[in-house]
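Colleague: I have a model open and some labels I would like to challenge. Can you defend them one by one?

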Amino acid sequence: MASRTIWSRLHGPTAAGVPRWAVLTAYAIPLVVLPSSLWRIAGLILNVPLLEFGPTSPGGHEGPIGGWWYILLLSVLSEAAAFLAVGLISEWGETWPRWMPILGGRRVPVMTAVIPAGLGALALLIFPYAMIMISLGLKINGEPTGLITHGWQTVIFHVMYWPLAAWSPLLALLTMHYYRRRRTAASHDLPLGSHRQSNAGGGVGRPG
């Protein structure tokens with residue numbers, strides 16, 4: 001119960017009309033990104049033996065991926081970017097939070113959310129390709145990765161990194177649902193004046 005309360009405070013109230021499958025999809029996106037972040041921090045910063053290094057260990061120094069600060073920043077930013085998907089099912093994804101200057105309390109234009117999310121889903125298609133290349137010991141540009149794993153290390157690496165391949169399709173599915181839901185809601189949200197005029201018009205055309 002406590003964990004559910006903390007999570008609710010983080011993402012805010014769920015928007016009206018959001019089905020359960022969309023909520024679960026939004027929650028799943030940060031979770032598919034988390035394992036790779038934990039692997040980077042554990043193996044490349046804390047020197048947990050999840051891989052083998054060359055003569056110089058990257059802990060606190062420049063390694064095959066980058067310095068510890070780069071690895072930590074990459075992991076934090078990855079989780080933050082993944083968490084933004086929760087906005088597609090939350091009220092703050094439809095109405096700007098009130099603490100924001102100028103925009104606070106106003107409706108979020110549909111395409112303001114859809115375009116970045118759609119482009120993000122498109123860009124994230126790189127992960128399935130990247131994982132295939134890494135399985136071959138190569139970076140996406142064809143150069144050696146510089147990371148060496150054996151046996152159980154290889155298994156753990158793939159278990160922790162392959163979930164990233166689901167990020168793009170999950171985000172694409174959620175974005176399409178957000179677009180359709182917002183458009184459907186807008187089509188039923190007619191101004192009160194136009195509704196009264198249509199009723200008045202119906203009264204005039206009624207035979208006496």
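Colleague: Why is Gly120 called partly exposed?

Modeller: This is a predicted model, so every value here is computed from predicted coordinates. Gly120 has 23% relative accessibility. Buried means under 20%, and exposed means over 50%. The value for Gly120 falls in between, so Gly120 counts as partly exposed.

Colleague: Where does Gly120 lie, and how many residues separate Gly120 from Ala81 in sequence?

Modeller: Gly120 lies in helix H4. Gly120 and Ala81 are 39 residues apart in sequence. In space, their C-alpha atoms are 9.5 Å apart.

Colleague: Ala81 caught my eye at a pocket. Which residues are closest to the centre of the second largest pocket?

Modeller: That pocket holds about 530 Å³ of space. Its lining has 22 residues, and Ala81, Leu84, Ala85, Pro116 and Ala117 are the closest to the centre. H3, H4 (110-123) and H7 (167-188) are the elements that each give two or more residues to this lining. H4 gives the most, with five residues.

Colleague: What is the split of that lining into nonpolar, polar and charged residues?

Modeller: The lining of the second largest pocket has 17 nonpolar residues, five polar and no charged. Asp, Glu, Lys and Arg are what count as charged, so none of these four types is in the lining.

Colleague: Now Thr25. Why is Thr25 called buried?

Modeller: Its relative accessible area is 9%. The cut-off for buried is under 20%, so Thr25 qualifies. Thr25 is found in helix H2, residues 20-45. Leaving out residues up to four places away in sequence, Thr25 touches Leu170 and Leu174.

Colleague: What makes H2 roughly antiparallel to H3?

Modeller: The two are described by an angle and an axis distance. H2 and H3 (residues 68-83) pack at about 170°, and their axes are 9 Å apart. Over 145 degrees counts as roughly antiparallel, so that label applies to H2 and H3. On the H2 side the contact includes Ile29, Pro30, Val33 and Leu34. On the H3 side, Trp68, Ile71, Leu72 and Leu74 are among the residues involved. By class, this contact has 13 nonpolar, three polar and two charged residues.

Colleague: And H2 with H6: why are H2 and H6 called oblique?

Modeller: H2 and H6 (residues 152-161) pack at about 135°, with axes 7 Å apart. Roughly antiparallel needs an angle over 145, and roughly perpendicular runs from 65 to 115. The angle of about 135° fits neither range, so H2 and H6 are oblique to each other. Pro35, Ser36, Leu38, Trp39 and Arg40 of H2 meet Ile156, Phe157, Met160 and Tyr161 of H6. The contact of H2 with H6 has seven nonpolar residues, one polar and one charged.

Colleague: Next, backbone angles. What makes the phi of Asn47 notable?

Modeller: Most residues other than glycine have a negative phi. Asn47 is not a glycine, yet its phi is positive, about 60°. Asn47 is found in the loop between H2 and H3. With a relative accessible area of 38%, Asn47 lies between the 20% and 50% limits, so it is partly exposed.

Colleague: What is the phi of Ile102, and is Ile102 buried or exposed?

Modeller: Ile102 has a positive phi of about 70°, and it is not a glycine either. Ile102 sits in the loop between H3 and H4. Its relative accessible area is 72%. Exposed means over 50%, so Ile102 is exposed.

Colleague: How do you know that Leu147 is partly exposed?

Modeller: Leu147 has a relative accessible area of 24%. Buried would need a value under 20%, and exposed a value over 50%, so Leu147 is partly exposed. Its place is in the loop between H5 (126-135) and H6. Leu147 and Glu52 are 95 residues apart in sequence, yet 6.9 Å apart in space, C-alpha to C-alpha.

Colleague: Last, the whole chain. How many helices and strands does the chain have?

Modeller: It has eight helices and zero strands. Of its 208 residues, 30% count as buried. Among contacts with a separation of 6 or more, 70% come from residues 24 or more positions apart.

Definitions and conventions:
Residues are numbered from 1 along each chain as its sequence is written. This is a predicted model: local features need pLDDT of at least 70, side-chain atom pairs count only at pLDDT 80 or more; totals for chains, interfaces and linings use all residues. Side-chain values use heavy atoms; hydrogens and water are left out. Helices (H or I, at least four residues) and strands (E, at least two) are DSSP runs, numbered from the N terminus. Buried means under 20% relative accessible area, exposed over 50%, partly exposed in between (1.4 Å probe, protein chains only). Contact means heavy atoms within 4.5 Å. Axes are lines fitted to C-alpha atoms, for helices over the stretch in contact, and angles run from 0 to 180 degrees between N-to-C directions. Angles under 35 degrees count as roughly parallel, over 145 as roughly antiparallel, 65 to 115 as roughly perpendicular and the rest as oblique. On a 1 Å grid over the protein atoms alone, a cavity is a set of points where a 1.4 Å probe fits but cannot get out, and a pocket is an open set with protein on both sides within 12 Å along at least five of seven lines; lining residues have an atom within 4 Å of a point. Grid points are joined across faces, edges and corners, and a volume is the space filled by probe spheres set on the points.
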